[in-house]
Amino acid sequence: MHAAWYERQGSAAEVLQVGEMAAPDPGAGEVRVRVSLSGVNPGDTKKRRGWLGSAMPFPRVVPHSDGAGVIDAVGVGVNPARVGQRVWLYGAQSYRPFGTAAQLTVVPTEQAVELPDEVSDETGACLGIPGITAHRAVFSDGPVCGRTVLVQGVLGGVGSLAAQLAAWGGATVIGTVTRTSDLERIDPAVGDTVALDQPQPAEAIRAHAQQGVDRIIEVAFSENADLDAAVAANDGVIAAYATRRDRPEFPFWPMLFANLTIRLFGSDDFPREAKRQAAAELTAAASEGALRIPVGNPLPLDHIAEAHDLVDAGTRARVLVAIPS
């Protein structure tokens, strides 16, 4: 099969290779998927470059955990009727060597989620890492109907989906952006918006939530800890999936007196059942038209290094790689 891989860590142009390699066969409880689109996430590029001192987990890595395609073979214990089913994939390269940057990939059957006819491959290939992270951050403490959810960094891949999922779940959503000039780019699903470069962002958020916000979806915990403490409702939750400084400071006593919960989320290690629930509800939301994901033109597999560089540069549109049939 045609595939991309790396055998050492480094810059995309230096280590990514494209060529032919042996096609995988599904084992017990697994399905093989003929991939049409492979989704590229920041986590994929961080693994490739050895972020935080991480080492090569396998001698050869076919990158990318997300994707979409069609099941073409199943292993022992999997219903043969799944062959021919359109699916979206998550976790293909989570603790596994070979992800979706290949014509064929093998995953446990539950990680190939049936894709409804009304949902495009492009949307399906974007759901995995950001969608499951967003779902877990929004719903890990129960339903949000009638609650107020603040999404910090609402233009990001996770933030945008978190806002849309929270609105789909019946919450009042407030979204923030770094600059006032970014306000016009926010999805209409976000009811109220606040730019953090204004003089009093906490007051602006409180103007939309006088009793405070019940849940905060946080992309920059180290930068926003004081603001989060200032706007959180009593017994609120800060669900953080990223931080700019790896040892953040935060206002302990204000957070203690507000009885806040701080939850930290790493998508590879979510409980299995949480991933299953997230996959089911993401599929339902997408099927209902509740999710809108900006996607750039897919790049050919031979341009995978360019795709990685776009992600590392922080492009807003989701980056996809088109896999040749």
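A salt bridge here is a side-chain nitrogen of Lys or Arg within 4 Å of a carboxyl oxygen of Asp or Glu. The model is predicted, and by this rule it holds 17 salt bridges.

**Salt bridges**

Asp268 and Lys47 form one such pair, with their closest N and O atoms 3.8 Å apart. The two residues belong to distant parts of the chain, 221 residues apart: Lys47 sits in helix 2 (residues 42-49), while Asp268 is in the loop between strand 13 (261-264) and helix 9 (272-287). Asp268 has 27% relative accessibility and therefore counts as partly exposed. Lys47, at 26%, is also classed as partly exposed.

Another pair is Arg263 with Asp141, where the closest N and O atoms are 2.7 Å apart. Because Arg263 lies in strand 13 and Asp141 in the loop between helix 4 (128-139) and strand 8 (148-151), this salt bridge ties together parts that are 122 residues apart in sequence. Arg263 is partly exposed, its relative accessible area being 33%, and Asp141 is partly exposed at 30%.

The side chains of Asp182 and Arg185 also meet in a salt bridge, at 3.3 Å from N to O. Asp182 has a relative accessible area of 5%, and since buried means under 20%, this residue is buried. Its partner Arg185 is partly exposed, at 41% relative accessibility. The three pairs are listed below.

| Acidic residue | Basic residue | N to O distance |
|---|---|---|
| Asp268 | Lys47 | 3.8 Å |
| Asp141 | Arg263 | 2.7 Å |
| Asp182 | Arg185 | 3.3 Å |

Salt bridges also link Asp25, Arg32, Arg34 and Asp72 in a network.

**The parallel sheet**

Six strands make up an open sheet with parallel pairing, in the order 10-9-8-11-12-13. Its edges are strand 10 (192-195) and strand 13, each of which pairs on one side only. From one strand to the next the twist averages 20°. Within the sheet, strand 11 (residues 213-218) and strand 12 (residues 232-240) pair in the parallel sense over five bridges. Glu218 has Ala240 in strand 12 as its bridge partner.

Helix 6 (residues 201-208) packs on the sheet and touches strand 8, strand 9 (172-177), strand 10, strand 11 and strand 12. The direction of helix 6 makes about 175° with that of strand 10. Helix 7 (residues 221-231) packs on the sheet as well, in contact with strand 8, strand 11, strand 12 and strand 13. For helix 7, the angle to the direction of strand 12 is about 160°.

**The nonpolar patch**

A nonpolar patch on the surface is formed by Phe250, Phe252, Trp253, Leu256, Phe257, Ile262 and Leu264. Together these residues have about 770 Å² of accessible area. Helix 8 (252-257) and strand 13 are the elements that give two or more residues to the patch. Helix 8 provides the largest share, four residues. Phe257 is found in helix 8; with 60% relative accessibility, Phe257 counts as exposed because the limit for that class is over 50%.

Strand 13 recurs in these descriptions. This strand is an edge of the sheet, contributes to the nonpolar patch, and holds Arg263, the partner of Asp141.

Technical notes. Residues numbered from 1 in each chain as written. Predicted model: local features only at pLDDT ≥ 70, side-chain atom pairs only at ≥ 80, totals over all residues. Heavy atoms only, no water. Buried < 20%, exposed > 50% of the residue type's maximum accessible area, 1.4 Å probe, protein only. Patch = residues over 30% accessible without salt bridge, like charges linked within 9 Å, V, L, I, M, F, W, Y side chains within 5 Å. Areas by Shrake-Rupley, 256 points an atom, 1.4 Å probe, with all protein chains shown as cover. Pairing = 2+ DSSP bridges. Axes fitted to C-alpha atoms, helices over the stretch in contact; angles between N-to-C directions. Contact = heavy atoms within 4.5 Å.
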